[in-house]
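Visitor: I'm new to reading protein models. Could you walk me through this one?

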Amino acid sequence: NLIDETLGICLELFDKKVFQVIHAHGIIESSQLIDHLEKIDPNFDSSGQAVKDMFKRINNRIRAFSLEIKSIVQFDEGEEDGSGARTRSIFHGVVNTEDDHNSKEFGSDFSAQEMKFVSAMLEKLLEQKFLSSQELIELCPANVFNGNAQLASNFLAKLQGQCWLQRDPYN
């Protein structure tokens, strides 16, 4: 595997194994990653700062290959009993940071404007979990699709066809 051979040169063994775990999962939740880290090195300090330092160290090495480990935070809607207690989940993944052949070939074919629309949708979906097609279309910035609701609707169908969005069969 080219990635293994190339990264083997620049990463220490522990960091290489961490990178391989994240890369193999695509996206991994923080608690799952911690489980893997403790299997790789039972003495690993899995405190937040140690993990941040580890990501910083790995990212400093893999940026030369236009790769980076990115993390996102997601909050749930809170407890159903109305207490408002929210849990936080952190997900990590390896991303290509360069606009090159690989990102175009294996990434998305969405324009920068379409990606702004997708970002707005994802932000709202993380808050509400479910949105109607009309609510999604209303999120579309005016400069995307020139305000044409039919083009926005067609784009939503494209996202659904590529399995980025899923219709709720009960709504």
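Guide: Happy to, starting with the outside: carbon and sulfur atoms supply 51% of what the chain exposes, and accessible areas here come from the Shrake-Rupley method with a 1.4 Å probe, where for residues only the protein chains shown count as cover. The exposed total is about 11,600 Å².

Visitor: Anything I should know before trusting the numbers?

Guide: This is a predicted model, where local features need pLDDT of at least 70 and side-chain atom pairs count only at pLDDT 80 or more, while totals for chains, interfaces and linings use all residues. Residues are numbered from 1 along each chain as its sequence is written, and side-chain values use heavy atoms, leaving out hydrogens and water.

Visitor: How many helices and strands does the chain have?

Guide: Helices (H or I, at least four residues) and strands (E, at least two) are DSSP runs, numbered from the N terminus. Along the sequence they follow the pattern α-α-β-α-α-β-β-α-α-α-α. So the tally is eight helices and three strands.

Visitor: Is Asp15 buried or exposed?

Guide: Asp15 sits in helix H2, residues 13-25. Buried means under 20% relative accessible area, exposed over 50% and partly exposed in between, using a 1.4 Å probe and protein chains only. Because its relative accessibility is 3%, Asp15 counts as buried.

Visitor: How are H2 and H4 oriented where they pack?

Guide: Axes are lines fitted to C-alpha atoms, for helices over the stretch in contact, and angles run from 0 to 180 degrees between N-to-C directions. H2 and helix H4 (residues 48-62) meet at about 90°, with axes 11 Å apart. Angles under 35 degrees count as roughly parallel, over 145 as roughly antiparallel, 65 to 115 as roughly perpendicular and the rest as oblique. That makes H2, relative to H4, roughly perpendicular.

Visitor: Which side chain meets Asp15 in a salt bridge?

Guide: A salt bridge is a side-chain nitrogen of Lys or Arg within 4 Å of a carboxyl oxygen of Asp or Glu. Here the N to O distance is 2.7 Å. The pair links H2 and H4, so it ties together parts 42 residues apart in sequence. The partner of Asp15 is Arg57.

Visitor: Which residues do shared salt bridges join into one network?

Guide: Glu68 meets Arg63 at 3.4 Å, N to O. Lys70 also forms a salt bridge with Glu68, at 3.5 Å between the closest N and O atoms. Sharing partners this way, the network consists of Arg63, Glu68 and Lys70.
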